[in-house]
Amino acid sequence: MSPLSIDRLGPVAVLTLRRPAKRNALDDATVLAVEEFFRRPDADVRAVVLDAEGDHFSAGLDLGELTERSAEQALEHSLMWHRAFDTVEGGRLPVVAALKGAVIGGGLELAAAAHLRVAEPSAFYALPEGQRGLFVGGGGSVRIPRLIGAHRMADMMLTGRVLDAAEGQAAGLSHYLAEEGGAREKALELAARIAQNAPLTNFAVLRALPRIAEAAPAGGLLLESLMSAVAAGSHEAQERMRAFLDGRAAKVAAANGSHGKDAR
């Protein structure tokens, strides 16, 4: 059985980890299958949901593959994970991860490479590498501190602290909390909404926004102006603005359905 299934729901592709007997622990075949999809997605895919079969998103690295490696071999293995997860975060497709049960070690590193994360109440987060004499190797030391801060990540690694779904939400590991069993449905809802955006806008959010946030103010503002001009000059943006000005597009409203004063 393939460790990863790929299904289509219109413009949304659903990638499902399929190793439930091992709590979807990540072996090399799974990581390489993820990389292969994101390197060559179908041209008409506009967003991706990353899901998992069974009760757990991923319990991390499959320790059955943790054979004795030389330092050079271990370095190459880590670089392979970096390359694979970079295709998730740095590709053209917005990715929404549906989290449940164990989101541990390499599983958390994979989740952190997604752009949005939806968690069920069963989700729990841990970085047990410190207790196993290891260190993260799938990009976690770069991505996870950006979400929760280096001090919180240090706590998780030094003490083995486990965060439940509510604690993870408060810390910044997830964007949305769903009902039990509802992470996939919520992730699909968000992905379908994202897929309706102008592709150039999604490109700007995925590729330009992180660089703007990390740049010095002057460079960031210049990149923002350039990206804004490119996006606004696209045919699709002009069509959408005409639809709004002609009253053919909905105005922004408060989440509870009430209408605010902002007419944008």
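**Exercise 1.** At what angle do helix α2 and α3 pack, and how far apart are their axes?

*Solution.* Before starting, note that this is a predicted model, where local features need pLDDT of at least 70, side-chain atom pairs count only at pLDDT 80 or more, and totals for chains, interfaces and linings use all residues. Residues are numbered from 1 along each chain as its sequence is written, and side-chain values use heavy atoms, with hydrogens and water left out.

Step 1: find helix α2 at residues 71-89 and helix α3 at residues 106-113. Helices are DSSP runs of H or I with at least four residues, strands are E runs of at least two, and both are numbered from the N terminus.

Step 2: compare the axes. The two helices pack at about 35°, with axes 8 Å apart. Axes are lines fitted to C-alpha atoms, for helices over the stretch in contact, and angles run from 0 to 180 degrees between N-to-C directions.

Step 3: list the contact (heavy atoms within 4.5 Å). From α2 come W81, F85, V88 and E89, and from α3 come G106, E109, L110 and A113.

**Exercise 2.** Which strands are at the edges of the open sheet, and where does α3 pack?

*Solution.* Step 1: read the order. Three strands run β5-β7-β8 with mixed pairing; two strands pair if DSSP finds at least two bridges between them.

Step 2: pick out the edges. β5 (102-104) and β8 (163-164) each pair on one side only.

Step 3: look at one pair. β5 joins β7 (residues 124-126) in the parallel sense through three bridges, and A102 stands opposite F124 in β7.

Step 4: add the helix. α3 packs on the sheet, touching β5 and β7, and its direction makes about 90° with that of β5.

Step 5: check how covered α3 is. Eight of its eight residues are buried, where buried means under 20% relative accessible area, exposed over 50% and partly exposed in between (1.4 Å probe, protein chains only).

**Exercise 3.** Is R143 buried or exposed, and which side chain does R143 join in a polar contact?

*Solution.* Step 1: locate R143 in helix α4 (residues 140-148).

Step 2: apply the cut-off. R143 counts as buried because its relative accessibility is 6%.

Step 3: find the partner. The side chains of R143 and D86 are joined by a polar contact of 2.6 Å. Such a contact is a pair of N or O atoms within 3.5 Å; within protein, one must be able to donate a hydrogen and the other to accept it, and residues adjacent in sequence count only if both atoms are side-chain atoms.

Step 4: survey the surroundings. Leaving aside neighbours within four places in sequence, R143 is in contact with F85, D86, E89, A112, A113 and G138.
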